Amino acid sequence: MSLRMGIIGFGGMGNLHNRVYSAIDGVEFVAAYDIDPKRLDQAKEAGLTAYETLDAFLADDRINFVLVATPNHVHKELAIAAMRAGKNVMVEKPATITSADFEELIEVSKECGVVLTCHHNRRFDRDYLTVRKIIEDGLIGKPFAIMSSVHAKRGEMHGWRCEKQYGGGMVLDWGVHLFDQILTAFPEKKITSVFAQTASIKNPGVEDFFKVQMTMDNDLFVEVEAGTYCLKPHDRWVVFGDQGAFNIKDFACTDGGITTTDYELASQSQGDIVVLTPAGPTRTMSPLPAGAEYNTELPLIDVSEEGLVAYEDNGAVLYSRLYKNLIDVVDNGAELLVKPKDILRNIKFMEAVFESAEKGQSLTINL
Ligand code: NAD
């Protein structure tokens with residue numbers, strides 16, 4: 001049977017799904033619905049049937065999976081309409097703005113017996129797959145601190161993202177991906193506290209910078225930061241473990257590496273004298289003895305194994321695993337990779353982020 005996709009909202013992302021993921025065997029994009037006639041013309045040019053009304057779109061029997069790729073504030077109503085028409089649904093992120101709305105979507109999907117999922121594509125970003133691999137292969141021991149940062153330089157947020165009423169702002173735009181990555185890497189760990197700060201630096205209507213600190217199981221400290229105007233970007237990832245550490249400079253993993261030490265040698269006492277170093281008088285910060293530090297390169301992710309579907313001139317990559325999972329779900333009843341309960345957990349976490357930022361307080365949570 002495979003996927004015969006219909007897209008609601010043929011804008012930037014709707015367009016990209018059709019352009020990129022139609023290359024996968026078993027995925028066919030057949031139709032689109034949009035309220036903007038220009039977008040419908042583009043859908044026709046791309047070879048899709050373009051519908052001017054939602055009812056006509058949903059009556060198209062060829063469609064067995066609907067992608068909702070509109071601005072965030074209308075995801076809920078469109079996803080419900082599609083599920084009530086008997087379609088499986090993948091909603092772009094964030095699936096909904098509130099957890100109450102997503103709980104409603106879960107109920108409707110159960111009632112209608114259809115699949116409900118969210119396009120959490122950044123679970124398959126090269127940098128994130130590298131993070132997972134280093135941690136899962138035990139290359140730095142047990143991680144105790146993670147810094148995940150995304151820093152842009154343009155300042156701008158695009159279109160409706162500049163307005164709260166449409167579900168704009170960086171938390172719902174990038175936070176949703178970055179939190180999903182952390183929650184997916186440690187599904188068995190509970191988030192026990194959150195402290196969030198937000199600011200509007202260049203986009204007055206919404207937060208365009210956020211800094212979120214979360215504690216997981218009281219032994220893993222995670223900082224997630226994203227902003228649109230951060231002209232000296234941090235490394236994309238820095239992770240400290242009890243047997244080593246690593247950094248990944250950027251999404252393409254062009255730089256970074258793993259550092260471990262011969263701990264016995266590295267921690268050897270220097271006696272009772274305080275050493276004078278570039279860091280001033282200190283023993284803690286003094287340089288390591290020769291031969292105590294080992295540096296290795298980042299492991300390479302086997303992109304062919306991950307199912308690369310697009311490789312553009314600028315080095316961009318996208319992986320097909322998510323769509324391949326949906327084919328398997330529809331054809332063979334396989335388990336969903338992006339499950340409603342995990343989508344809901346992430347939305348609840350974002351609610352805690354907004355609450356903490358508004359109150360200016362750390363919150364004790366159990367998520
Ligand atoms: P966009 O503004 O480029 O496109 C949105 C489209 O939806 C427009 O064509 C608009 O006319 C249409 N639309 C608006 N209201 C509608 C309605 N009620 N019914 C039908 N069509 C309607 O926005 P975008 O950048 O494509 O973002 C769309 C969604 O994709 C958002 O949820 C966004 O967060 C998500 N997104 C995800 C990623 C990712 O990597 N997963 C990247 C970018 C955007």
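Let's start with one pairing: Pro143 has Gly241, in strand 11, as its bridge partner. That contact belongs to a set of five bridges joining strand 7 to strand 11. Please keep in mind that this is a predicted model. From here, the briefing moves out to the sheet, then to the domains, helix 1 and the ligand.

**The sheet**

- Strand 7 spans residues 143–151 and strand 11 spans residues 237–241; the two run antiparallel.
- Both strands sit within an open sheet of nine strands, ordered 16-13-12-11-7-10-9-8-19.
- Pairing across this sheet is mixed.
- At the edges you will find strand 16 (293–296) and strand 19 (363–364), each of which pairs on one side only.

**Domains and annotations**

- The protein chain splits into three parts: domain 1 (3–119), domain 2 (122–253 + 335–367) and domain 3 (258–297).
- Between the C-alpha centres of domain 2 and domain 3 there are 32 Å.
- UniProt, in an unreviewed entry, annotates residues 3–118 as "domain: Gfo/Idh/MocA-like oxidoreductase N-terminal".
- That span, residues 3–118, is 41% helix and 23% strand, and its end C-alpha atoms lie 15 Å apart.
- A further UniProt annotation from an unreviewed entry, "domain: GFO/IDH/MocA-like oxidoreductase", is listed for residues 128–246.
- In residues 128–246, helix accounts for 21% and strand for 35%, with 13 Å between the end C-alpha atoms.

**Helix 1**

- Helix 1 covers residues 12–21, and its buried residues are Gly14, His17, Asn18 and Tyr21.
- These buried residues lie on the same side of helix 1, because they cover an arc of only 110° around the axis.
- Turn to the face pointing away from that buried side and you meet the exposed residues Gly12 and Arg19.

**Around the ligand**

- The ligand is surrounded by 23 residues, and the closest are Gly9, Gly11, Gly12, Met13 and Glu92.
- Helix 1 contributes three residues to this shell, which is the largest share.
- Gly12 therefore appears twice in this briefing: it is among the closest residues to the ligand, and Gly12 is also one of the exposed residues of helix 1.
- By residue type, the shell holds nine nonpolar, nine polar and five charged residues.

Definitions and conventions:
Residues numbered from 1 in each chain as written. Predicted model: local features only at pLDDT ≥ 70, side-chain atom pairs only at ≥ 80, totals over all residues. Near = placed C-beta within 6 Å. Helix = DSSP H or I, 4+ residues; strand = E, 2+ residues; numbered from the N terminus. Nonpolar A, V, L, I, M, F, W, Y, C, P; charged D, E, K, R; others polar. Domains from an automatic or database assignment. UniProt positions renumbered as here; feature names shortened; annotations may be inferred. Buried ≥ 20, exposed ≤ 12 C-beta atoms within 10 Å, placed from the backbone. Arc of directions from axis to C-beta. Pairing = 2+ DSSP bridges.
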